[in-house]
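These are my notebook entries from a reading of one structure. I set down what I looked up, entry by entry.

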Amino acid sequence: QVQLVESGGGLVQPGGSLRLSCAASGRSIVSIIPVGWYRQGPGKDRELVAIFTSGGNAMYADSVKGRFTISLDIAKNTVYLQMNNLKPEDTAVYYCSGTWGTNKYWGQGTQVTVSS
């Protein structure tokens, strides 16, 4: 079984930065690639934010491109989401996910609130 635990969320002012962490246990983070970050804002559907695929390729939603960066630390078995120049519309619960065969695994989420 794979367990994913997000951390690093909190309250930040517009223009600020946060780094979210997703610690994986039970399997190597490499074995559950593609891994990704999703978010769900108030009254909205869950949307894909960033995904890391085999070969070190990363893809981003247009709304975060140029501001967010997804990365992996194999030694720490952790996937990160660096978020810069945050905007109020980035406010959401952020979830990390991993893939094993036809199954997807999810963390419990971490709240990010961007407000002045």
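**Entry 1. Strand S5 and its partners**

I began in the middle of a strand pair: Ala50 stands opposite Tyr60 in S6. I note at the outset that the model is a predicted one.

Moving one place along, I found that Ile51 has Met59 of S6 as its bridge partner. I then looked up the pairing as a whole: S5 and strand S6, residues 57–60, run antiparallel and are joined by four bridges. The two strands form a hairpin with three residues between them. In that turn, Gly55 has a positive phi of about 85°.

I next asked what lies on the other pairing of S5. S4 and S5 pair in the antiparallel sense, here over five bridges. As an example I recorded Val35, whose bridge partner in S5 is Phe52. These strands also form a hairpin, with six residues between them. Gly43 sits in this turn and has a positive phi of about 70°.

How many of the seven residues of strand S5 are buried? I found five, so the strand, which covers residues 47–53, is largely enclosed by the rest of the structure.

I add a general remark for my own use: in a regular strand, side chains alternate between the two faces of the sheet.

**Entry 2. The peptide bond before Pro34**

I looked up the bond that joins Ile33 and Pro34. This peptide bond is cis, with omega at about 5°. Pro34 belongs to the loop that runs between strand S3 (18–25) and strand S4 (35–40).

Pro34 came up again when I turned to Ser97, a residue of strand S9. Ser97 touches Pro34 and Val35, and its other contacts include Leu4, Gly36, Tyr38 and Trp106, with residues up to four places away in sequence left out of the list. Lys104 and Tyr105 are also among the residues that Ser97 touches.

Is Ser97 buried or exposed? Its relative accessible area is 3%, and Ser97 is therefore buried, the limit being under 20%.

**Entry 3. The open sheet**

I then traced a sheet of four strands. The sheet is open, its order is S1-S3-S8-S7, and the pairing is antiparallel. Which strands stand at the edges? They are strand S1 (3–7) and strand S7 (68–73); each has a single partner strand, so one side of each is left without a neighbour in the sheet. On average, neighbouring strands of this sheet are turned by 15° against each other, with direction ignored.

For the S7 and S8 pair I counted the bridges given: there are six, in the antiparallel sense. One of the residues in this pairing is Asp73, whose bridge partner in S8 is Thr78.

**Entry 4. Two asparagines with positive phi**

In the loop between S7 and S8 I stopped at Asn77. Asn77 is not a glycine, yet it has a positive phi of about 55°. Its relative accessible area is 16%, so I entered Asn77 as buried.

Asn85 is found in the loop between S8 and S9. Its phi is also positive, near 50°, and this residue too is other than glycine. With a relative accessible area of 43%, Asn85 is partly exposed.

**Entry 5. Thr91 and the cavity**

The loop between strand S8 (78–83) and strand S9 (92–100) also holds Thr91. Thr91 has 18% relative accessibility and so counts as buried.

What lies 2.9 Å from a polar atom of the side chain of Thr91? On one count, I found the backbone oxygen of Pro88 at that distance. The backbone nitrogen of Val114 likewise lies 2.9 Å from a polar atom of this side chain.

I then listed the contacts of Thr91, leaving out residues up to four places away in sequence. They are Gly41, Pro42, Gln111, Val112, Thr113 and Val114.

Lastly I searched for enclosed space. Rolling a probe the size of a water molecule over the atoms shows where empty space is left. The count came to one cavity of 30 Å³ or more, and the volume of the largest cavity is about 30 Å³. Thr91 is one of the residues that line the largest cavity, together with Arg39, Gly41, Lys44, Glu47, Glu89 and Ala92. Gly41 therefore appears twice in this entry, as a contact of Thr91 and as a lining residue of the largest cavity.

How values were computed: Residues numbered from 1 in each chain as written. Predicted model: local features only at pLDDT ≥ 70, side-chain atom pairs only at ≥ 80, totals over all residues. Heavy atoms only, no water. Buried < 20%, exposed > 50% of the residue type's maximum accessible area, 1.4 Å probe, protein only. Polar contact = N/O pair within 3.5 Å; in protein donor to acceptor, adjacent residues only side chain to side chain. Contact = heavy atoms within 4.5 Å. Pairing = 2+ DSSP bridges. Axes fitted to C-alpha atoms, helices over the stretch in contact; angles between N-to-C directions. 1 Å grid on protein atoms, 1.4 Å probe; cavity = no way out; pocket = protein on both sides within 12 Å on 5 of 7 lines; lining within 4 Å. Points joined across faces, edges and corners; volume = space filled by probe spheres on them.
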